[in-house]
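Welcome, and thanks for taking a look at this one with us. Please have the sequence and the 3D view open as you read.

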Amino acid sequence: MPRKQTHDEALRRFMKMAITESKRSKAEDAGVHPLVGAVIIDENMKVVAKAHRGERGKGDHAEFIAISKAIETGFVDFSTATIFATLEPCTHRGHDKTPCAERIVKAGFRNVFIGALDPNPKIVGHGETYLRDKLDNIERFPSNLEREIRRVNKPFWSLFAADHLPSNSLYIQVRVSDVVLQKLRKHGVDIRSLPTESEYTLHDLAALIHGKGLFRDGDEQLLTFLEQARADAFDRKYSDYTYSHDARKIGERWKKEVLGILKRFNIYDLPRRRVLNVGFGNGIEGEGLFEDCVAFTATDIAPDSINRAQTKFARARMVVTPAERLDGVLDDSQDIYLSLRTYQSAFFDAKAAIRQAYRVLSPGGIAIISVANAYLEGNSFIKGLLPHGSKVVNRDRAHEIVRDIRYFLNKLGFDEVGVHSGKAEEYVFGQKRWGGA
């Protein structure tokens, strides 16, 4: 007998169906327009309707057509249905036209899967944010299917391919690798450049410098020197950091996202839990989340930043230590491990950090890790992550890091491992196995 299809496999099949449907799209004029497909299924995972852009008229959007088709068949209860759209539903249409995101909400959908965000920096994220504010369950297609959507829509994506950050951006002006390189040269290490591969850890860098015979002191002193140089770089970059030019500024949706993930594990009493925040910086990300926590510990590698955080959180315990070691944090001592927008950092060892997360969490404890995936420059919302040594935003990089984190969490003894796509960051979460790995 054939193997029964799992729930996730079934969802993936409908996503692929929507992509296939998108390839049938009809352009309304000679301009470049996206190919978009939509599929609606009922609570029994049966297809109710599917549609593609321009199927019934010039410029008609796939979501509108699919909803119309479903209604024509007599389908009325969209609250039990799910819609898969290969492109982020629009929030603005021409005169006398209702945006697709609004149609989805008015129809009563609760479950929406979005294939890819609109690449236009003036539009990207608005449809998803609108839906997240109105509905309960908004998810993304897996990253490999998102890449397929972009391949199908290569001419449309090419219109917005040059997502460069301006030279005056904080993310360009102050780079961790540049500061580390400057400090090495000042110390007499004659090295022209540092590796830009994202997988390069401090230990890898130490091995490279040692192999070249460039550091006068011993190996242990070299690693300590590199740790201090990295810490100085983060202090220089983030000790005075605010959200004035940060994608998180838009609605501060990320706080709701964190609390929403905790609710998945039936955690509604965050202030009463033992909470560890790794990579806390100057404490800005804790405002509105952790002030009432009775047992809150925060760590960071940057001493000036963590000292500033202490002034905001007087009751909290602050520790200067790398995420890869977590010195001073006891085994099985925490209920919740949070590390937000730290794992994409330069010379960061994600596997070592996740080992520490497992060590310090009590059995059944929850880990939530996020990876930055957007920038705000002026009024433009730029989706993606800036690779080390580049000014061009990579739309795939955050998803690749999330994939690796998810793999490590599974391998190192976490259950219920999942992923959630937020407005400005991607989240991975899991629960430490009860009774050990």
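Here is a short briefing on a central strand, a buried glutamate and several salt bridges.

This is a predicted model. It holds 24 salt bridges, and some of them are described below along with strand β3 and Glu 426.

**Strand β3 and its partners**

- Strand β3 spans residues 82-85 and is covered on both faces.
- On one side of β3, Thr 82 and Phe 84 are buried, and on the other side Ile 83 and Ala 85 are buried as well.
- Strand β1 (residues 37-41) runs antiparallel to β3, and four bridges join the two.
- In that pairing, Ile 41 sits opposite Thr 82.
- Strand β4 (residues 111-114) runs parallel to β3, again with four bridges between them.
- Here Ile 83 of β3 faces Val 112 of β4.

**Glu 426 and its surroundings**

- Glu 426 belongs to strand β14, which covers residues 425-432.
- With a relative accessible area of 1%, Glu 426 is buried, because buried means under 20%.
- The side chains of Glu 426 and Ser 421 make a polar contact at 2.7 Å.
- Beyond its neighbours within four places in sequence, Glu 426 is in contact with a set of residues including Arg 140, Ile 369, Asn 373, Lys 383, His 399 and His 420.

**Salt bridges between separate parts of the chain**

- Side chains of opposite charge can pair when their charged atoms come close.
- Glu 72 and Arg 56 form a salt bridge, with their closest N and O atoms 2.7 Å apart.
- Glu 72 is in helix α2 (residues 62-72) and Arg 56 is in the loop between β2 and α2, so this pair ties together parts that are 16 residues apart in sequence.
- Glu 72 counts as exposed at 54% relative accessibility, while Arg 56 counts as partly exposed at 46%.
- Glu 324 forms a salt bridge with Arg 230, the closest N and O atoms being 3.2 Å apart.
- That pair links distant parts of the chain, 94 residues apart: Glu 324 is in the loop between β8 and β9, and Arg 230 is in helix α10 (residues 219-238).
- Glu 324 and Arg 230 are both buried.
- Glu 287 and Lys 312 meet through their side chains in a salt bridge of 3.5 Å, N to O.
- Because Glu 287 lies in the loop between β6 and β7 and Lys 312 in helix α12 (residues 303-312), the pair ties together parts 25 residues apart in sequence.
- Glu 287 is partly exposed at 34% relative accessibility, and Lys 312 is partly exposed at 36%.
- Glu 128, Arg 132, Arg 140 and Glu 426 are joined into one network by salt bridges that share partners.

Terms used:
Residues are numbered from 1 along each chain as its sequence is written. This is a predicted model: local features need pLDDT of at least 70, side-chain atom pairs count only at pLDDT 80 or more; totals for chains, interfaces and linings use all residues. Side-chain values use heavy atoms; hydrogens and water are left out. Buried means under 20% relative accessible area, exposed over 50%, partly exposed in between (1.4 Å probe, protein chains only). Two strands pair if DSSP finds at least two bridges between them. A polar contact is a pair of N or O atoms within 3.5 Å; within protein, one must be able to donate a hydrogen and the other to accept it, and residues adjacent in sequence count only if both atoms are side-chain atoms. Contact means heavy atoms within 4.5 Å. A salt bridge is a side-chain nitrogen of Lys or Arg within 4 Å of a carboxyl oxygen of Asp or Glu.
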